[in-house]
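Thanks for sharing this one. Could you open the model alongside these comments and go through them point by point?

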Amino acid sequence: MNSIFSLIDREHHLFSNDISQHEATLQRIIRDSKFLVLGGAGTIGQAVSKELFSRQPKKLHIVDINENNLAELVRDVRSSYGYINGEFKTFCLDIGTKTYDAFYENDGEYDYILNLSALKHVRSERDPYTLMRLIDVNIMNTQKTLQKAIDSKVKKYFCVSTDKATNPVNMMGASKRIMELYLNRASAHINISTARFANVLCSDGSLGHSFSQRLAKGQPLVAPSDIYRYFVTPKEAGELCLLSCLLGENRDIFFPTLDEDDHLQSFKDIAIKFLSQHQLTPLICDTEDQARTAALKLPINNQWPCFFTQSTTTGEKDKEEFFTETEFVDYQRFNTIGIIKNQIQQDHATLDCFNETIIRLQREGIWDKQQIVDAFVSLLPNFTHCELNKFLDDKM
């Protein structure tokens, strides 16, 4: 069993059958089309970019602010797939700048735009400044690139969402739900689709990635014992985005049909399985200090210090969900994918008021978190944000 699958008790790629059944259509569309991937050097962005590259697109441009990850993406595709007949270029650009605007004006003409740029961490709401950047990236930049897509008559605009947008309890999830509302409004002028999916196992910044870092640096493993999540691999994340973008109908939201009994995993259990893959067992510690002290004495009889604790930070759900009771879901079209079928919504005044509030706060140059929470609630009346005044940066 592949080591990444053994961490989540699966043996096979989740979307293999769906990809296989639609492969001819995917290849035909990609071979005849021009693509722009925004945020294409992150974990999901790289996965999507490789799915496209391997199917010989007519044009593939990748934009990201991380030049090191862009360099790695180029090395990766060259080493795995070689070259394509179409045009392949990467651009180290910030989407929110006028430099990006100039790039788009001069190097545009795309059939499909996939926006994978996002701030994805719950910890982004720890201070009002990082929180405002989260709004810029997840909401305002989406509106900006979406309008450019409409103006240049792009066939389809895809934007990645998250399971945390369903009944959100944190600002990150709420920002993605608000993003979905703006996408829905724009669907009157352009075909859009998106995807809510689970945690991407071992993606940059994830706990799975942290486990590898802690092991390499001789440091304790830390994980919440009471948080359960659904997981997909990076390749599966790329495949889900690809299927939604190319085969989704207007306003569709794709999600993986994972079963609570079979697929919901705790981070504590994944940490233990991760250690087992390295022929290690957990040395359970009661405090952070005890775990740090134990790490100074490594190796310890094939044991590794671990600190498993209850979650006490702002914005954490105990488990994840992909859709609400009021959303209609189609389970018939794909084997392992559900599709939320949305009708167009026309609440222009409330959306415009939210934009005006954010722009005003940015122009004034001073704001606090509660002002932003209030703006979110104006769009999402059922948003249940519980402020615990403790964040992930306050923990090991």
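Below are some numbered points on aromatic pairs, cysteines, a sheet with its helices, and one residue of a helix.

1. A word on the source before anything else: this is a predicted model, so please read each value below as computed from predicted coordinates.

2. Let me start with the aromatic rings. Searching the whole structure gives 17 aromatic pairs. One of them joins Phe231 and Phe267: the ring centres are 5.6 Å apart and the planes meet at 85 degrees, so this pair is edge-to-face. The cut-off for that class is over 60 degrees. Phe231 belongs to strand β10 (residues 231-232) and Phe267 to helix α12 (residues 267-277), so the pair ties together parts that are 36 residues apart in sequence. Both Phe231 and Phe267 are buried.

3. Phe354 and Phe376 make another aromatic pair, this one tilted, with 5.8 Å from centre to centre and 55 degrees between the planes. Here the link runs from helix α14 (residues 348-364), which holds Phe354, to helix α15 (residues 369-379), which holds Phe376, so parts 22 residues apart in sequence are tied together. How accessible are the two residues, Phe354 and Phe376? Phe354 has a relative accessible area of 1% and is buried; Phe376 is buried too, at 0%.

4. Do have a look at the ring cluster as well. Phe91, Tyr100, Phe103, Tyr104 and Tyr110 are linked into a cluster by ring pairs. Tyr110 also has a charged residue over its face: Lys59 lies there, 4.7 Å from the ring centre.

5. On the cysteines, how many disulfides does the count give? The count comes to zero. Cys285 is a useful case to check: the closest cysteine sulfur to its own is that of Cys306, 7.4 Å away, which is too far for a bond. The cut-off for a disulfide is a sulfur pair within 2.5 Å. Seen from the other side, the closest cysteine sulfur to that of Cys306 is in Cys285. Cys285 is buried, with a relative accessible area of 3%, and Cys306 is buried with 1%.

6. Next, the sheet. Three strands, in the order β8-β14-β13, form an open sheet with parallel pairing. The edges are taken by β8 (221-224) and β13 (281-284); each has a single partner strand, so one side of each is left without a neighbour in the sheet. On average, and ignoring direction, neighbouring strands of this sheet are turned by 45 degrees against each other.

7. Looking at one strand pair in detail, β13 and β14 (residues 303-309) run parallel and are joined by four bridges. Leu283 has Pro305 in β14 as its bridge partner. Helix α13 (residues 288-295) packs on the sheet, where it touches β13 and β14, and its direction makes about 165 degrees with that of β14. Helix α9 (residues 207-216) lies across β8 and β14 and runs at about 160 degrees to β8.

8. Finally, a residue you may like to click on: Gln362, in helix α14. Is Gln362 buried, partly exposed or exposed? At 28% relative accessibility, Gln362 counts as partly exposed. Setting aside neighbours within four places in sequence, Gln362 is in contact with Met132, Asp136 and Trp367. Ile253 is 109 residues away from Gln362 along the chain, and their C-alpha atoms are separated by 31 Å.

Terms used. Residues are numbered from 1 along each chain as its sequence is written. This is a predicted model: local features need pLDDT of at least 70, side-chain atom pairs count only at pLDDT 80 or more; totals for chains, interfaces and linings use all residues. Side-chain values use heavy atoms; hydrogens and water are left out. Rings of Phe, Tyr and Trp (its six-membered ring) pair if their centres lie within 6.5 Å; planes under 30 degrees apart count as stacked, over 60 as edge-to-face and the rest as tilted. Helices (H or I, at least four residues) and strands (E, at least two) are DSSP runs, numbered from the N terminus. Buried means under 20% relative accessible area, exposed over 50%, partly exposed in between (1.4 Å probe, protein chains only). A charge sits over a ring if NZ of Lys or CZ of Arg is within 6 Å of the ring centre and within 35 degrees of the ring normal. Two strands pair if DSSP finds at least two bridges between them. Axes are lines fitted to C-alpha atoms, for helices over the stretch in contact, and angles run from 0 to 180 degrees between N-to-C directions. Contact means heavy atoms within 4.5 Å.
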